[in-house]
Amino acid sequence: MADVEYLKKQLTAHPDFPKKGIVFLDIFPILRNPISFETLITHFVHHITSHTLATSPSGRVDVVVGLDARGFLLGPIIALRLGAAFVPVRKQGKLPGRCVSASYEKEYGIDSFEMQADAITPGQVVVIVDDLIATGGSAKAAGELVAKQGGKTLEYLFIIELMFLKAASKLDAPVYSIVQSDD
């Protein structure tokens with residue numbers, strides 16, 4: 001897949017960021033280059049339309065859920081291309097109105113995500129998108145929010161997956177990642 005290799009070359013590695021021993025893969029060079037950004041979005045949409053939709057009971061995706069904050073950069077564009085709604089998942093206290101919440105464990109404590117309570121209706125088919133899956137805590141919380149509202153998560157989409165953390169095993173639907181890293 002030439003597009004995957006092209007996207008990998010756009011990522012910038014930052015050793016010892018945000019702390020010693022971690023190699024941070026920066027997606028922002030992709031977003032700064034319109035051709036790279038279009039390649040990224042097109043890759044995700046092609047994957048969804050050629051693979052994910054076959055697992056949808058309705059043959060479509062109703063909602064694309066984006067995680068705070070980089071999922072907000074990808075999710076709305078993917079949703080528009082699919083003719084689906086976009087629903088943000090935000091940190092607690094950032095959304096107006098009645099919300100549902102789910103907590104998840106981080107390396108330094110517990111955090112909570114929220115989704116507006118009327119954002120997903122029972123039976124809607126959902127894909128969840130973010131830039132990176134590491135431990136899987138935030139993605140799992142997003143999946144719990146979808147389930148609490150009666151939605152069905154078809155798949156989780158990520159640009160980068162840190163394979164050595166085995167986060168995909170914690171989630172309630174398959175994971176698709178463009179770049180898999182063992183570092």
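This report covers strand pairing, charged side chains and unusual backbone geometry in one structure. The model is predicted.

**Strand β8 and its neighbours**

Strand β8 spans residues 152-162. Of its 11 residues, 10 are buried, so the strand is largely enclosed by the rest of the structure. On one side, β8 pairs with strand β7 (residues 125-133). These two strands run parallel and are joined by 8 bridges. The link between them is a β-α-β crossover: the chain leaves β7, passes through helix α5 (residues 137-148) and enters β8. That crossover is right-handed.

Strand β9 (residues 175-181) also pairs with β8. This pairing is parallel too, over 6 bridges. Leu157 of β8 gives a handy reference point. Val129 stands opposite Leu157, and so does Tyr176 of β9.

**Salt bridges**

How many salt bridges does the structure hold? There are 5. Three of them are listed here, with the accessibility of each partner.

| Pair | N to O distance | Positive residue | Negative residue |
|---|---|---|---|
| Arg81 and Glu38 | 3.0 Å | Arg81, 41%, partly exposed | Glu38, 37%, partly exposed |
| Arg90 and Asp68 | 3.3 Å | Arg90, 24%, partly exposed | Asp68, 18%, buried |
| Arg70 and Asp131 | 3.5 Å | Arg70, 28%, partly exposed | Asp131, 11%, buried |

The salt bridge of Arg81 with Glu38 connects two helices. Arg81 lies in α4 (residues 71-82) and Glu38 in α3 (residues 34-50), so the pair ties together parts 43 residues apart in sequence.

Arg90 meets Asp68 in a second salt bridge. Arg90 sits in strand β4 (residues 85-91), while Asp68 sits in the loop between β3 (63-67) and α4. The two are 22 residues apart, and the pair links distant parts of the chain.

Arg70 forms a salt bridge with Asp131. Arg70 belongs to the loop between β3 and α4 and Asp131 to strand β7, so this pair ties together parts 61 residues apart in sequence.

**Asp26, a buried acid without a salt bridge**

Asp26 is part of strand β2 (residues 23-26). The residue is buried yet has no salt bridge. Why does Arg32, the nearest side chain of opposite charge, not count as a partner? Arg32 is 5.2 Å away, and a salt bridge needs the atoms within 4 Å, so the pair falls outside the cut-off.

What does the side chain of Asp26 have 2.9 Å from one of its polar atoms? The backbone nitrogen of Phe28 lies there. Setting aside residues up to four places away in sequence, Asp26 touches Leu11, Thr12 and His14.

**Backbone geometry in the loops**

Two cis peptide bonds deserve a look. One joins Phe17 and Pro18, with omega about 5°. Pro18 lies in the loop between β1 (12-15) and β2. Another runs from Asp68 to Ala69, with omega near 5°. Ala69 is in the loop between β3 and α4. Asp68 is also the salt-bridge partner of Arg90.

Positive phi values occur as well. Asp16 has phi near 60°, although it is not a glycine. Asp16 lies in the loop between β1 and β2, and with 42% relative accessibility it counts as partly exposed. Lys166 has phi near 50°, again in a residue other than glycine. Lys166 is placed in the loop between β8 and β9. At 60% relative accessible area, Lys166 is exposed.

Technical notes
Residues numbered from 1 in each chain as written. Predicted model: local features only at pLDDT ≥ 70, side-chain atom pairs only at ≥ 80, totals over all residues. Heavy atoms only, no water. Helix = DSSP H or I, 4+ residues; strand = E, 2+ residues; numbered from the N terminus. Buried < 20%, exposed > 50% of the residue type's maximum accessible area, 1.4 Å probe, protein only. Lys, Arg positive; Asp, Glu negative; His and termini not counted. Polar contact = N/O pair within 3.5 Å; in protein donor to acceptor, adjacent residues only side chain to side chain. Contact = heavy atoms within 4.5 Å. Pairing = 2+ DSSP bridges. Right-handed = clockwise from strand over helix to strand, strands pointing away.
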